[in-house]
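Colleague: I am new to this model. Please pick one part of it, look at it closely, and then show me what surrounds it.

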Amino acid sequence: MSFVNPKASTEYTAQNKVELIRAGKPFFDSLLQLINNAKESLHLQIYIYDDDETGIMIAEALKVAVKRNVKVYLLADGYASQVMSQNFIDDLRNNGIQFKMFEPLLKSKWFYLGRRLHHKVVVADAEFALVGGV
């Protein structure tokens, strides 16, 4: 899941902007805005993703982005996101979303050995990002 955006600058400029988002609803509103405005690519590294109401809302926005020819890459933690149904995962993949689980070395219902993906990062078009935790 790597990409190079030839339009992206490698230098810091005075035009960069950082905004602190303090709660769930503003975070998900910002996430939807990033997804809906993406033109080329979306890279998501998510700790917890579930096929609940919010997860479905985000998935639907990602599917619409794919229809706009946006390349969508979604990586979720294999432990924290293990409640996702296989049907939900299949639907993501069948709709053009490049989905992967960050898997442990060994796991069972009672045992987990390996690294975890605690990232909470979304990057749109190698230009805009949401970073942190909610």
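Modeller: Helices (H or I, at least four residues) and strands (E, at least two) are DSSP runs, numbered from the N terminus. The model is predicted, so to speak of local features takes a pLDDT of at least 70, side-chain atom pairs count only at pLDDT 80 or more, and totals for chains, interfaces and linings use all residues. Residues are numbered from 1 along each chain as its sequence is written, and side-chain values use heavy atoms, with hydrogens and water left out.

Let us take the loop between S6 and S7. Asp-125 sits in this loop, ahead of strand S7, residues 128-131. Ala-126 lies in the loop between S6 and S7 too.

Start with the backbone. Most residues other than glycine have a negative phi. Asp-125 has a positive phi, near 55 degrees, and is not a glycine. Ala-126 is not a glycine either, yet its phi is positive, about 55 degrees.

Next, is Asp-125 buried or exposed? Asp-125 has a relative accessibility of 10%, so it counts as buried. Buried means under 20% relative accessible area, exposed over 50%, partly exposed in between (1.4 Å probe, protein chains only). Ala-126 counts as partly exposed because its relative accessibility is 28%.

The loop also has a partner far off in sequence. Ala-38 is 87 residues from Asp-125 along the chain. Even so, their C-alpha atoms are separated by 6.2 Å.

Now widen the view. The protein has three helices and seven strands. Read from the N terminus, the order of elements is α-β-α-β-α-β-β-β-β-β. Buried residues are 33% of the 134 residues. Of the contacts (heavy atoms within 4.5 Å) with a separation of 6 or more, 74% join residues 24 or more positions apart.

Strand S6 leads from the loop to the interior. With residues 121-124, S6 is among the elements that each give two or more residues to the largest nonpolar core. That core holds 29 residues. Such a core is a set of buried Ala, Val, Leu, Ile, Met, Phe, Trp, Tyr and Cys residues joined through side-chain atoms within 4.5 Å. Leu-42, Leu-44, Tyr-49, Leu-62, Val-72 and Leu-74 have the most contacts inside the core. Besides S6, the elements giving two or more residues are helix H1 (24-37), strand S1 (41-46), helix H2 (53-67), strand S2 (71-77) and helix H3 (86-94). H2 gives the largest share, six residues.

Tyr-49 deserves a stop. Setting aside neighbours within four places in sequence, Tyr-49 is in contact with Gly-55, Ile-58, Ala-59, Leu-74, Ala-76, Ser-81, Met-84 and Phe-88.

One of these partners, Ala-59, belongs to helix H2. Ala-59 counts as buried because its relative accessible area is 1%. Beyond neighbours within four places in sequence, Ala-59 is in contact with Tyr-49, Phe-88, Leu-92 and Ile-97. Both Tyr-49 and Ala-59 are in contact with Phe-88. The C-alpha atom of Ala-59 is separated by 9.7 Å from that of Asn-95, 36 residues away along the chain.

So much for the view inward. Return to the loop to finish: Asp-125 is buried, Ala-126 is partly exposed, and each has a positive phi.
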